[in-house]
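Trainee: I've just opened this one and could use a guided tour. Can we go through it together?
Mentor: Sure, pull it up and ask away.

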Amino acid sequence: MSTTFQLDTSTSRAHPTPAPMKRITVPQIRARKVNGTTAQPIVMLTAYTARQAQLLDAHCDMLLVGDSLGQVIYGLPSSVPVTIDMMIAHGAAVVRGSYHAVVVVDMPFGSYEASPLQAFDSAARVMKETGCAAIKLEGGEAMAETVAFLVQRGIPVMGHVGLTPQAVNVLGGYNARGRSAAEADKILADARALESAGAFAVVIEGVVEPIAVAITQGIACPTIGIGASAQCDGQVLVTEDMLGMFERVPRFVKIYENIAATIGNAAANYAAEVRARSFPGPEQTYQPRQGQAE
């Protein structure tokens with residue numbers, strides 16, 4: 001029995017309601033790729049809150065509670081300062097707000113790199129306290145031993161190669177990776193090492209397209225592209241980016257809506273009504289616009 005949410009008309013807020021629906025599982029995601037081909041591409045978006053998860057869940061195969069919440073939610077300069085407590089709080093909210101998608105939680109910088117044992121302790125805590133189905137960590141060959149250690153102990157792992165944001169200080173920025181032959185070879189070797197270690201999927205971020213295609217064709221587990229190639233087995237974007245919540249987004253992001261403008265306009269209309277003292281009082285009946293909850 002999973003949990004979904006319905007609106008309580010007396011409070012206009014979401015409350016949990018049992019729903020007889022099973023989530024997609026990690027093995028089902030892994031099984032999407034057969035003989036090197038994924039007939040049905042994997043849909044993934046980031047989610048950081050219960051309400052966001054509710055709105056995205058029916059449309060996604062996986063929801064990623066990304067450490068990008070550092071920039072998106074907290075206004076931090078990078079994902080490096082994000083803590084495991086932050087990831088757990090948001091991961092638990094997303095699990096509560098979803099019932100269909102596989103929820104994957106990012107392991108934050110410093111929570112897994114020191115040793116496989118440190119990674120297990122951190123990952124076990126994340127899974128216990130959030131209820132998520134899998135964790136994601138960055139790094140290739142250097143993290144293969146850790147990935148194998150986790151998988152052998154019952155923790156599904158999604159890998160992440162190419163542009164790895166937690167290593168931004170080493171990489172020197174967020175530029176596309178794999179432009180040189182040596183770097184391209186390393187990224188491909190990283191992906192193969194993660195697959196061999198037991199990763200059920202690998203995110204390929206910010207690499208030149210031929211390398212993303214070569215990785216997708218060269219490993220048996222699904223690849224999830226972000227700024228890589230449409231030929232990857234699936235795609236992920238930061239939801240706030242594709243909704244137009246920010247004035248500047250990475251070049252590879254397609255903006256599907258301009259939610260920032262919608263919010264700004266709504267706030268402006270609200271402010272105008274308050275200042276004109278025309279805001280509805282408790283004795284007035286509020287008539288929501290079509291599509292709004294009462």
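Trainee: Which strands does H5 lie across?
Mentor: H5 lies across S7 and S8, and its direction is at about 130° to S8. Keep in mind that this is a predicted model.

Trainee: Okay, and what arrangement do the strands form?
Mentor: They form a closed barrel of eight strands, in the order S5-S6-S7-S8-S9-S10-S11-S12, and the pairing is parallel. From one strand to the next, the twist averages 25°.

Trainee: Let me zoom in on one pair. How many bridges join S10 to S11?
Mentor: Four bridges link S10, residues 201-205, to S11, and the two run parallel. Val202 sits opposite Thr223 in S11, and Glu205 has Ile226 as its bridge partner.

Trainee: What about the faces of S11, covered or not?
Mentor: Both faces of S11, residues 223-226, are covered. Thr223 and Gly225 are buried on one side, and Ile224 and Ile226 are buried on the other.

Trainee: Back to the helices. At what angle do H5 and H6 cross?
Mentor: Roughly 45°, with the axes coming within 9 Å. That angle makes H5 oblique to H6. The crossing of these two is right-handed.

Trainee: Which residues meet there?
Mentor: From H5 you have Pro116, Leu117, Ala119, Phe120 and Ala123, and they meet Glu145, Thr146, Phe149 and Leu150 in H6. In that contact of H5 with H6, seven residues are nonpolar, one is polar and one is charged.

Trainee: And what's the angle between H6 and H8?
Mentor: About 20° for H6, residues 144-152, packing with H8, residues 181-197, and their axes are 8 Å apart. So H6 is roughly parallel to H8. The crossing of H6 and H8 is right-handed.

Trainee: Which residues make that contact?
Mentor: On the H6 side, Ala144, Val147, Ala148 and Val151 meet Ala193, Leu194 and Ala197 of H8. The contact of H6 with H8 has seven nonpolar residues, no polar ones and no charged ones.

Trainee: I notice the H6 numbers come in steps of three or four. Why would residues three or four places apart point the same way?
Mentor: An α-helix has 3.6 residues a turn, so residues spaced like that point the same way.

Trainee: Got it. Which residues of H6 are buried?
Mentor: Ala144, Thr146, Val147, Ala148 and Leu150. The buried residues of H6 pack against H5, S8, S9 and H8.

Trainee: And what follows H6?
Mentor: Gly154 follows H6, and its phi is positive, near 90°.

Trainee: New topic: where does Ala101 lie?
Mentor: Ala101 is in the loop between H4, residues 84-96, and S7, residues 102-106.

Trainee: Buried or exposed, that Ala101?
Mentor: Ala101 counts as buried, because its relative accessibility is 0%.

Trainee: So what does Ala101 touch?
Mentor: Leaving out residues up to four places away in sequence, Ala101 touches Arg23, Asp57, Cys60, Asp61, Met62 and Leu63.

Trainee: One last thing. How far apart are Ala101 and Val43?
Mentor: In sequence, Ala101 and Val43 are 58 residues apart, and in space they are 9.6 Å apart, C-alpha to C-alpha.

Terms used: Residues are numbered from 1 along each chain as its sequence is written. This is a predicted model: local features need pLDDT of at least 70, side-chain atom pairs count only at pLDDT 80 or more; totals for chains, interfaces and linings use all residues. Side-chain values use heavy atoms; hydrogens and water are left out. Axes are lines fitted to C-alpha atoms, for helices over the stretch in contact, and angles run from 0 to 180 degrees between N-to-C directions. Angles under 35 degrees count as roughly parallel, over 145 as roughly antiparallel, 65 to 115 as roughly perpendicular and the rest as oblique. A crossing is left-handed if the near helix is turned anticlockwise from the far one by less than a right angle, and right-handed if clockwise. Contact means heavy atoms within 4.5 Å. Ala, Val, Leu, Ile, Met, Phe, Trp, Tyr, Cys and Pro count as nonpolar, Asp, Glu, Lys and Arg as charged, and the others, Gly among them, as polar. Buried means under 20% relative accessible area, exposed over 50%, partly exposed in between (1.4 Å probe, protein chains only). Two strands pair if DSSP finds at least two bridges between them.
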